[in-house]
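New notebook page. I want to look things up one at a time and jot down what I find.

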Amino acid sequence: MKGYRKYFLNKLVWLFVTAVFAFLLNFILPRLMPGDPVAAITARIAQGMSNSTGMKETYEQYQRSFGLDKPMLTQFALYIKNVFSGNFGTSFSQFPRPVSDILSSSIWWTICLQFPAIIIGWLIGNTLGALAAYLKKGFDKVIMPISIFVSNFPAFGMAVILMVIFGVKLRWFPTSGGYGFDLIPDFSWKFIWSVIVHYQLPFWSIVIIAIGGQAIGMRSMSIYELNADYVKYSRFMGIKDNKIVGYVFRNAMLPQITGLALSIGTMVGGALIAEIVFSYPGLGYTLLNAVMGQDYPLISAVTLIITLMVLIANFAIEMIYGLIDPRIKAAQSD
Amino acid sequence: MKNTLNQVFHSGKFVVGFCIFMALLAMVIFYPLFVPDDPLESIGKGTFFPPGTYVNIYDSINATTKYSINLDDATEKRIASKLTEENKKDMKTWLIMDGIPADQIDTSDISSLLKLWENEYSKSKTLGMTYAKQRYYQRLNASVQGLLSKEGLTVMQVDDSTGETNEIATIQQTDYVNVKQVANVRWFPLGTDNFGRDILTELVTAAGVSLQIGLVAGLIATFIGLTLGLISGYVGGWVDDVIMFITNLFTVIPSMVLLILISYSIGQDKRGAFTIATVIGLTSWVWTTRAVRSQVISLRNRDHVNLSKLSGHSTFNIIFSDILPYIMSYVIMALILQISSGILAEASLSILGLGPRTTDVPTLGLMMNWAMIYQAHVLGKWWAYLPVLVTIALITFSMNLMNTGLDQVFNPALRD
Amino acid sequence: MKRTMLVLSVLLVLSMLLSACGNTATTAPVATTEAAAATEAVVTEAPAATEVMAGDTVLPRNETLYFNGQQWGAVVCWNPYSSNCNNAMAIAQQDNARVTMFETPYIYNMMDGKVYPLLADGPYTWNDAKTELTFKINAAAHWSDGTPVTAEDVAYTWATHVKYNDSTGAANKDYIEDIVAADASTVVIKAKLGEDGKALNPLLVQAYVSSNYVNQKAWTQTLEARANGDAAAFLADTAEDVVYSGPYHKFFADDTKVVLIRDDNYWGADASMWGKLPAPKYLAHIIYKDNAAGTTALQAGEVDVSQQFNSNVQDLWLKDNLPISTYLSEAPYGIGASLPTAFFNMGSYGLDNVVIRKAIAIAVDYDTIIANAMTNQSATFTQVPRSLMNPTPGEQALFDHDAVKDLQWAGNDIEGANAMLDEAGIKDTDGDGWREYNGKKLTYVATCPNGWSDWQAAIEVVAAAGAKIGIDITTNYPEWSVYQTVVTNWPLPETGYDIFMMWSDGAGPTQPWSRIRHLISGEFAKTTNNWNGNWGGYSNPEADALIKAIPTMTDEAALKDAYTKLVKIYLTDVPSFTLMYRPQAFHTVNESVWTNFPHEGDGTDPAVPPLDLTDGYSIAGLYNLTLVNP
C-alpha cells in the first residue's frame with residue numbers, strides 16, 4: 001500500500017492547488033466582462049423618474065452596498081470570507097434576492113436532470129458498445145453507424161426535434177415546465193407523476209446523445225481488449241468465454257470511467273440547451289441570464305459549484321482508478 | 001504512404017463519409033457560381049414563405065398569350081379549395097344552431113347548402129358562440145361569396161391623370177397562362193426565413209462559413225494540443241506537471257461557460273467569424289493534449305527513440321522525426337473531430353445569441369437562432385430550421401464516418 | 001483481493017445509480033422546501049404571508065386565468081414602494097397602472113382618454129386657480145385587513161415617497177408641493193407653483209392620481225419600523241405581509257410560476273363600484289424561458305391571455321384553426337400606442353446636417369420593417385402618416401393634418417433621398433461608391449440591443465437603406481447592459497452609436513405631451529444618467545418653449561396650434577424618426593376556457609382597452625369574463 005499512499009498524496013496536493021487557482025479564476029473572470037451591472041440595476045429602478053439627481057444617488061448607494069467601490073483585493077478578501085460562511089452574496093440581476101436562494105431552487109432540477117441522464121447514458125451506451133464488440137457481425141453493423149450519427153447530432157437539434165415530434169405534433173409529452181402548469185408543488189402522487197412526465201423529453205434528449213458517444217468509445221476499447229494476447233491465450237487454455245469476458249470488460253471500462261468524470265463537469269453546461277428549449281427550471285439558464293446581466297456574485301457562485309463538483313468527481317474517479325487498476329500501483333514504483 | 005492511401009480509400013466507412021463531405025463541399029463552392037444572389041438580401045416582404053414556385057400575378061394577367069383550356073374537374077377543385085369538408089361540416093353545425101332541422105341540410109349538395117347559408121347567415125347572429133368562432137364564420141362567409149358564379153373577373157386600372165377607372169382586361173375561369181411565358185417566376189426550394197431571405201442560398205453560404213470556422217478552430221485547437229502534448233509527454237518531469245495542471249484548470253472550468261464568458265466580453269462589434277473561431281480553438285484543446293500525451297508516453301521508451309537519444313540528437317529533433325510520425329494518424333483523426341466539434345460549438349454559441357454578427361455572414365447556428373426566436377419550430381415552419389439541422393448533422397456525421405474509417409485503417413484490430 | 005475490488009466498483013456504480021433514482025423521487029419534497037424557501041426569501045425577516053392552502057394544489061382550470069409575456073424570471077418582492085420587485089402580475093405603477101393587487105384612485109382608459117374612479121368617489125376637480133386638485137375616497141373602499149381606505153392613507157403614501165426618495169417621489173416632487181387629507185375622505189393635492197403663481201405642470205399632477213398606488217398608512221409604518229429608517233432596507237423589503245386593497249393577492253410564487261388568488265371580501269363588489277367579484281378565482285402566470293415556450297403553451301390552451309409578441313399571430317387562427325384572437329381581427333391586430341424611434345447622434349460627423357438626416361430617414365423601407373419585423377402588427381405609414389402622435393383617434397385629432405402633409409413621408413424614397421443629397425452637394429467625389437461630406441466619407445453604425453429581435457430586424461432594414469443612397473451604414477448589437485449605460489450618458493462614443501433605437505411613451509393621461517417632451521425637449525439633451533429621452537442631444541428653443549407652455553394651456557384651438565407647430569418642427573429637423581407603431585401591450589387571447597374578452601365592437605361602454613385585463617381600465621374585462629362551458 002506504500003506506493004498507493006504516494007499516489008494518493010500526489011493527487012490530493014494537485015487537487016488543492018487546482019482548487020485555489022480555480023477559486024481565483026472564478027472571482028476574476030466575471031469581473032473582466034465589460035459593462036456596468038450597477039447601472040443596470042439603477043436603470044430598472046429609475047424607470048419613470050423625471051429627474052436625474054435621484055438616479056445618481058441611487059447609483060452610488062448600490063455601488064456602496066455591493067462593495068464595488070472598494071479596490072479589487074478587498075473585494076476578493078470579502079468574497080473568500082463570505083463563501084466560507086456559506087454566504088454567496090446578493091444577486092445583482094435579481095436584487096435583492098440572495099444568491100444561495102436562487103441556487104437552492106434551481107440546482108436540484110439541474111442535478112436531477114443531468115445526473116441520471118449521464119449515468120444511464122453511460123450504462124446503456126457502454127453495454128451496447130460492449131455487446132457490439134462481442135457479438136460483431138449484424139448487431140455491430142447496425143449499432144455502429146447509428147451511434148456515430150446520434151452522438152454527433154447537435155444537442156439543441158435533438159431537443160428541438162424531440163419537442164416538435166413528441167410535444168407539438170403527437171402531444172404525448174408536455175412541451176415545457178418542470179411540472180404541470182396547473183399544479184402547486186406538494187407531496188402528492190399527482191405532482192410526482194407530473195414531474196416524471198415533464199422529465200421525459202429533456203432527459204431523453206440528453207441521454208440519446210450520451211448513449212451514442214459512450215457506445216462508440218466502449219466498442220473501440222472492447223475490440224482492443226478482445227484482440228489482446230491474454231484473451232487469445234486464455235481461450236487456447238480452454239477457459240470459458242464468460243469468465244474471460246468479465247476481465248475484458250473490466251479492462252475496457254477503465255478509460256470510460258475517466259470520461260464519466262469529465263461528463264460530470266459538463267453537467268451544468270450540457271443541460272443549458274435542454275433547459276432553454278423545454279423551459280425546464282435549472283441552473284444552466286440561471287447562469288446564462290447571470291452572464292447577460294453581469295451578475296458577478298451569481299456567476300462566481302455557479303462556476304464555483306461547477307468547479308468543485310468537477311474537482312471532487314475527478315478526485316473520486318482517480319481514487320477508484322487507483323483501486324481498480326493495479327498498473328497504477330506498479331507505475332508508482334517506476 | 002501510397003499504400004496507406006490505397007487502404008484508406010478502400011475502407012467502406014471512409015469512402016461514404018468522404019463522398020458526403022465532398023458533395024457538401026462541392027455544393028458550397030459551385031452553387032454561388034450558378035446563383036450569384038446575395039445570401040443576406042431580404043427578398044420577401046413577410047416572414048417564412050413556404051417552399052414552392054412563386055408566379056408573379058401582375059405578369060400573368062398581362063401575359064401576351066392566354067390559353068383557354070376546359071378541364072372537367074376545374075370547378076370542383078376551385079370550390080374544394082375554398083370550401084373543405086371541414087368547412088361544410090361547420091356550416092351545417094351553424095345552421096343547426098340557428099334552428100334549421102338537420103335533415104334539411106345536405107352537405108353533399110353544394111349549391112343548395114350555399115343557398116341556405118346565404119339566406120340564413122348574418123354577422124349579428126352570435127348564437128352563443130365564442131368570439132373566435134364568430135370570426136371564423138365571418139371569414140368563412142367572406143370566402144364563399146360568389147363561389148358558384150361562372151362569371152369571369154374584370155381588371156380595372158386607375159388613370160392617374162383623370163382619376164377614372166378603366167377596364168384593361170377580363171379573366172375567364174378557363175383562362176390559363178404558360179408559366180414559361182410569365183416574365184417573373186421564382187422558385188424557392190426551401191422557402192424564405194424571417195428576414196425574407198432565400199433559405200437555400202443562405203444555407204449554402206452559411207455551411208461554407210461554418211466549415212471555415214470549424215477548420216480554423218480545429219487547426220488552432222489541434223496545433224495547441226499537439227504542441228503541449230508532445231512537450232509534456234516527451235520531456236516529462238515538472239514541465240509535464242505544469243502542463244497537466246493547466247489542462248486540469250481548463251477541464252475544471254467547463255468550456256461552455258468559458259466560451260460564454262469570453263464571447264460576451266469580446267462584445268458584438270469584435271465578434272467576427274474569425275474571432276469566434278479563434279476563441280473556440282483556444283478553449284477546446286484540452287482532450288487533444290491529454291490524448292497526444294498518453295500516446296507519446298507510451299512511445300518514448302521505444303527502442304528507436306532510445307537509440308536517437310544515445311546518438312545525441314537534440315530533443316527537438318527526436319520529437320520531430322521519431323515521435324511525430326508515429327502519432328500522425330492519431331493527430332489527423334483528432335483534427336477531424338476538432339473540426340466537427342468546432343462547428344457544433346459555434347452553432348451552440350449562436351443559438352445563445354453570442355455568435356458572430358448577423359449582418360456580416362450567415363452561419364448555421366445563426367440561422368437556427370433566428371428561426372427559434374421567430375418561433376418557426378412552434379409555428380410549423382419546418383423549412384426554417386430542419387434543413388439547417390440536417391446540414392449540421394450531415395457535416396458532423398460525414399466527418400465522423402471518415403474518422404472511423406481512418407481509425408480502422410490505422411488500427412487493423414478494429415476492422416470488421 | 002481483485003474480486004473484492006471488482007465487487008466494490010460494481011457496488012459504487014450501483015449506488016450512484018440508486019442515488020440517481022432516489023434523486024427523482026426526492027424532487028417532490030425538495031420542491032416543497034423550495035416553495036417554503038421562496039416564501040421566506042429574506043433580506044429582512046418578514047413573516048410568511050398566505051400559506052398554500054392544503055388541498056388546493058391543483059388549480060381548477062375553469063377558475064383560473066393563465067397569462068404569459070408579463071413575468072420573466074422569478075418574483076423578488078411584493079413591496080409597492082419598490083420598483084425592483086420584478087412582480088409583473090401585481091406591481092406596475094405607470095400610466096395604465098396594474099390594479100390587480102394594489103389600487104390607484106383613478107384608472108386611465110386609453111380608448112377614450114378619460115380617467116374613471118376606482119378608489120376615488122366621483123371625478124376629481126381643480127380649484128378655479130388650477131392650483132389644487134381635490135377628490136373624495138369611496139366610502140366602501142377598505143383594506144384587506146378590514147380597515148377603511150382613508151385620505152390619510154393617500155397623504156401618508158405621498159409623504160413616504162418623498163421621505164425615501166423612491167422613483168415615484170423623485171419623479172413627482174418637482175411638480176407636487178404636498179398631498180393632504182382635508183378630512184377623512186377628502187384628498188387635496190397642492191401643485192408646486194411657479195413664480196407667476198400658476199401650477200408648474202398641472203398635467204403631471206393630474207397623472208399622479210391614475211398612476212400611483214395608495215398604500216395603507218399603518219402597514220407603511222410597520223415597514224418603516226422594520227427598516228429602521230434605512231431607505232435602502234425600506235425599498236428592498238420583500239413585504240410578504242403587505243396590506244392591499246385590490247381584488248387579488250399572493251397565493252404562490254416560485255421560480256416556475258406566480259399565482260394570485262381572489263379575495264372574496266374585496267370592497268369592489270360593492271354596488272358603488274363593480275357590483276360583483278371578478279370572474280376568475282386565480283390569476284396564474286407560468287414563467288417561460290422564452291417566447292417560443294409561451295407560444296406553444298398558448299397554442300395548447302394552457303395560456304388564456306398572452307402579452308407576448310407572437311410573430312405571425314394570425315397563423316394561429318387562419319392556419320391552425322385555434323380559438324385564438326386579437327383585439328382587431330385584421331392587421332394591425334392591436335392598437336398602436338407607442339413609437340419605437342431611431343435617434344440620430346447629433347454629435348456624429350455629418351449628422352448635424354439636416355439634409356443627411358432627412359435623406360436617411362426617407363430612404364428606409366418602412367413597409368419591409370412592418371411586414372418582416374413586426375409581421376404586420378403595426379399600422380403602416382401610409383395608413384397613419386408619421387407625426388409625434390400615436391395612431392389612436394384621440395391623439396390624431398390633436399393636430400392639423402393638412403398643415404403637415406407636405407412634410408410627411410412614407411419611406412423607400414430612394415430617388416428623393418439621392419436627389420436631396422446631390423442638390424446639397426454631398427456627392428461621391430472619389431468614386432468609391434460612397435458619398436463624402438466636406439471631403440470625409442459618410443459612414444455610420446446603426447445599433448440596438450442584442451436579442452431584441454424585432455428591433456434588430458428593423459435596424460437591418462435601416463442599414464440596407466444606407467447602401468442604396470451611397471451612405472455606408474453597418475449594424476452592431478451590443479448587449480443591453482452595455483447599450484443602456486452608453487446611450488444614457490452624453491457624450492456618446494465617437495463610433496458605434498450614430499443611429500440608435502430607443503422606445504417612446506405609450507398611451508396615458510399626459511400624452512402626447514409627455515412623449516413629445518421625452519423625444520425632443522432640450523432639458524434632457526446632453527445630460528448624464530438620462531433615462532428620460534432625447535438621447536441624441538437635439539435642442540430647439542422654439543420647441544422647448546412650446547413644450548413648457550402646453551401643460552398650462554386650456555384653449556383647445558391654442559393647443560392644436562401648438563401641437564401642429566411641434567409636429568412641423570419634428571418633421572423638418574428630423575432629430576429622430578419613428579420606425580413603427582407598437583401596441584401599448586400585446587393582447588392575444590385563447591377562448592378555449594374563458595370567453596367574452598375585450599374585442600373591437602364588443603359593445604362595452606366605456607370600451608374596455610386590450611391591455612391584458614390587468615392595466616388601467618382593462619381590469620373591467622375581468623368582470624365580464626364568462627366560461628365557455630359553465
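**Entry 1: a leucine in chain B**

Which residues does B:L226 touch, not counting residues up to four places away in sequence? I got B:T288, B:V292, B:L324, B:I327 and B:V331. A reminder to myself before going on: this is a predicted model.

Next I checked where B:L226 sits, and its place is in helix 8 of chain B, which covers residues 199–235. Is B:L226 buried or exposed? B:L226 has a relative accessible area of 16%, and buried means under 20%, so B:L226 counts as buried. I also looked up a distance: B:L226 and B:V252 are 26 residues apart in sequence, and their C-alpha atoms are 20 Å apart in space.

**Entry 2: chain C as a whole**

I moved on to chain C and looked up its helices and strands. Chain C has 19 helices and 24 strands. Its radius of gyration is 27 Å, close to the 25 Å that the globule rule gives for 630 residues, so chain C is as compact as a globular protein of that length. I also noted the span of the C-alpha trace along its principal axes, which is about 90 × 80 × 50 Å.

How much of chain C is buried? The figure I found is 61% of its 630 residues. For contacts in chain C with a separation of 6 or more, residues 24 or more positions apart account for 69%.

Then the surface. The accessible surface of chain C comes to about 21900 Å², and 53% of that belongs to carbon and sulfur atoms. I looked up the charges too: chain C has 38 positive and 73 negative ones, and their mean positions are 2 Å apart.

**Entry 3: the nonpolar cores**

Which residues touch the most other members of the largest nonpolar core? That core has 141 residues, and the ones I was after are C:I356, C:I360, C:L566 and C:L579. The element that gives the most to this core is in chain B, though: it is helix 17 (residues 386–410), with 9 residues.

I picked C:L566 for a closer look. Leaving aside neighbours within four places in sequence, C:L566 is in contact with C:L388, C:I516, C:I520, C:A543, C:L546, C:I547 and C:I550. There is also a second, separate core of 75 residues, and C:V76, C:M101, C:F102 and C:A151 are among its members.

**Entry 4: chain A**

What does chain A have in the way of helices and strands? I found 14 helices and 0 strands. Reading from the N terminus on, I just wrote α for each element of chain A.

Chain A has 334 residues, and 57% of them count as buried. Among its contacts between residues at least 6 apart in sequence, 73% join residues at least 24 apart. The accessible surface of chain A comes to about 14500 Å², with 69% belonging to carbon and sulfur atoms.

**Entry 5: backbone oddities in chain C**

I went looking for cis peptide bonds. One joins C:Q511 and C:P512, with omega about -5°. C:P512 has its place in the loop between strand 19 (499–502) and helix 16 (513–520). Another cis peptide bond joins C:D605 and C:P606, and there omega is about 5°. C:P606 is in the loop between strand 23 (594–595) and helix 19 (621–624).

Then I looked up positive phi values. C:N165 is not a glycine, yet its phi is near 50°. I found C:N165 in the loop between helix 2 (151–164) and helix 3 (167–172). C:N412 isn't a glycine either, and it has a positive phi of about 60°. The loop holding C:N412 runs between helix 12 (401–404) and helix 13 (414–423). C:N412 is partly exposed, with a relative accessible area of 38%.

**Entry 6: one more proline**

Where does C:P323 lie? C:P323 is in the loop between helix 8 (314–318) and strand 12 (324–326) of chain C. Its relative accessible area is 29%, and C:P323 is partly exposed.

I listed its contacts, leaving aside neighbours within four places in sequence: B:A132, C:V589, C:N590, C:E591 and C:S592. Last lookup of the day: C:P323 and C:V593 are 270 residues apart in sequence, but 9.9 Å apart in space, C-alpha to C-alpha.

Terms used. Residues are numbered from 1 along each chain as its sequence is written. Chains are lettered from A and ligands numbered from 1 in the order in which they are written. This is a predicted model: local features need pLDDT of at least 70, side-chain atom pairs count only at pLDDT 80 or more; totals for chains, interfaces and linings use all residues. Side-chain values use heavy atoms; hydrogens and water are left out. Helices (H or I, at least four residues) and strands (E, at least two) are DSSP runs, numbered from the N terminus. The radius of gyration is taken over C-alpha atoms; the globule rule is 2.2 Å times the number of residues to the power 0.38. Buried means under 20% relative accessible area, exposed over 50%, partly exposed in between (1.4 Å probe, protein chains only). Contact means heavy atoms within 4.5 Å. Accessible areas come from the Shrake-Rupley method with a 1.4 Å probe; for residues, only the protein chains shown count as cover. Lys and Arg count as positive and Asp and Glu as negative; His and the chain ends are not counted. The place of a charge is taken as NZ of Lys, CZ of Arg, CG of Asp or CD of Glu. A nonpolar core is a set of buried Ala, Val, Leu, Ile, Met, Phe, Trp, Tyr and Cys residues joined through side-chain atoms within 4.5 Å.
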